[in-house]
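Trainee: I am new to this model. Can you take me through it with short answers?

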Amino acid sequence: MAPTEGSLPMVQANMGIGVGTISLATLMDFIVQRTYHELNILSEILPRKTDMERKIEIVQYASRTRQLFIRLLALVKWANSASKVDKCVKICNFLEQQSLYFVDTADVLARLSRETLVNARLPNFSLPCAIDVLTLGTYPRLPTCIREKIVPPDPITPNEKKKVLQQLKQVIQYRLVSCELPQQMRKLKIENGRVKFLVENEFQVTLTLMEDSPVIPWRLLDIDILVEDHETGDGKALVHTLQVGYIHRVVQSRLLDNDKPLHDLYRVLHSFCQSLQLEVLNTQASLL
């Protein structure tokens with residue numbers, strides 16, 4: 001079936017320069033092919049028609065072709081200014097997009113004013129604080145707890161330190177008098193807020209008190225094991241630092257909630273020192 005007047009070949013959207021467009025060269029090629037195709041069909045059907053029918057067909061073909069090429073000519077002339085039209089289309093699209101942005105912004109602001117900003121209000125300004133800062137150059141209304149937690153306290157003076165140590169010495173003396181001491185730990189010395197107990201050839205411990213309350217337990221500060229044998233340990237200490245730390249924790253636990261804490265302290269350290277002395281004796285005997 002021959003194409004009707006004014007119809008164009010079907011073109012896919014992706015054949016042109018853009019979506020839904022077609023290049024001018026392709027369009028001209030289609031028009032030439034259509035004209036040639038109609039001319040071939042006309043040459044085949046004219047011999048079977050009468051003279052009047054042939055004239056009518058030729059006139060109709062010429063008219064259709066003339067109208068088609070007139071449209072093509074108009075399109076070619078319009079293509080010279082197509083770039084300007086394309087710019088206008090882009091400008092219109094840009095303006096429409098900006099208009100949509102303005103509408104969306106107005107909608108969002110309206111929603112914020114109705115929903116979000118109802119409760120988002122500034123608090124009352126602190127006028128006394130502003131007056132203090134502007135007039136005095138500082139703010140004297142800060143809580144004192146900030147200073148106590150951030151600013152370190154002033155160091156105590158030597159006289160205050162001496163007075164505190166003297167009071168602590170009296171507290172330690174009172175505690176020693178009021179409690180029962182083991183017979184083997186009667187050799188002691190109080191100085192610098194500490195008391196040192198010495199058991200010959202076994203150990204020496206240093207204790208102190210954190211408060212003057214009679215229920216506050218003793219605080220163990222240092223343990224020194226006096227069992228020595230330079231030949232057995234190759235000149236090194238017989239007790240490792242980790243062992244001393246473990247003994248320190250055990251003895252400190254015995255000093256808590258105990259009616260006779262110093263007795264338990266002596267029993268633990270005395271048992272350890274005796275075991276250590278027996279170990280040294282065994283080592284010396286094996287070397288003979």
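Trainee: What is the relative accessibility of Glu191?
Mentor: Start with the classes: buried means under 20% relative accessible area, exposed over 50%, and partly exposed lies in between (1.4 Å probe, protein chains only). Glu191 counts as partly exposed, because its relative accessibility is 32%.

Trainee: What kind of model is this, and what is left out?
Mentor: Residues are numbered from 1 along each chain as its sequence is written. This is a predicted model, where local features need pLDDT of at least 70, side-chain atom pairs count only at pLDDT 80 or more, and totals for chains, interfaces and linings use all residues, while side-chain values use heavy atoms and leave out hydrogens and water.

Trainee: Which residue meets Glu191 in a salt bridge?
Mentor: Side chains of opposite charge can pair when their charged atoms come close. A salt bridge needs a side-chain nitrogen of Lys or Arg within 4 Å of a carboxyl oxygen of Asp or Glu. The partner is partly exposed, at 48% relative accessibility. N to O is 3.6 Å, and the partner of Glu191 is Lys189.

Trainee: Which residues do salt bridges with shared partners join into one network?
Mentor: Look for bridges that share partners. They link Asp51, Arg54 and Lys55.

Trainee: How far apart in the helix are Asp51 and Arg54?
Mentor: Helices (H or I, at least four residues) and strands (E, at least two) are DSSP runs, numbered from the N terminus. Their side chains form a salt bridge, 3.7 Å from N to O. An α-helix has 3.6 residues a turn, so residues three or four places apart point the same way. Asp51 and Arg54 both lie in helix H2 (residues 51-79), about one turn apart, that is, three residues.

Trainee: Are Asp51 and Arg54 buried or partly exposed?
Mentor: Asp51 has 42% relative accessibility. Arg54 has 28%. By these values Asp51 and Arg54 are partly exposed.

Trainee: Which residue forms a salt bridge with Glu200?
Mentor: The closest N and O atoms are 2.7 Å apart, and the partner is Lys187. Glu200 lies in the loop between strand S2 (194-199) and strand S3 (203-208), and Lys187 in the loop between helix H6 (158-178) and strand S1 (188-191), so the pair ties together parts 13 residues apart in sequence. Glu200 is partly exposed at 48%. Also partly exposed, at 46%, is the partner, Lys187.

Trainee: How many salt bridges are there?
Mentor: Apply the salt-bridge rule given above. The count is eight.

Trainee: What distance separates the end C-alpha atoms of H2?
Mentor: The expected span of a helix is 1.5 Å times one less than its number of residues. H2 has 29 residues, so it should span 42 Å. The model agrees, with its end C-alpha atoms apart by 42 Å.

Trainee: Which helix helps to cover the buried residues of H2?
Mentor: Those buried residues are Tyr61, Thr65, Leu68 and Leu72. Thr35 is buried too, at 14%. Thr35 is in contact (heavy atoms within 4.5 Å) with Tyr61, Thr65, Leu68 and Phe69, leaving aside neighbours within four places in sequence. Thr35 sits in H1, and what covers the buried residues of H2 includes helix H1 (24-45).

Trainee: Which loop holds Asn201?
Mentor: Asn201 is not a glycine, yet its phi is positive, near 65°. Asn201 is exposed, at 56%. Its place is the loop between S2 and S3.

Trainee: Which loop holds Asn192?
Mentor: Asn192 also is not a glycine and has a positive phi, about 55°. Asn192 counts as exposed, at 61%. Its place is the loop between S1 and S2.

Trainee: How far in space is Gln277 from Leu73?
Mentor: Gln277 lies in helix H8. Gln277 touches Asn201, Glu202 and Val227, not counting residues up to four places away in sequence. Leu73 is 204 residues away in sequence, and the C-alpha to C-alpha distance is 123 Å.
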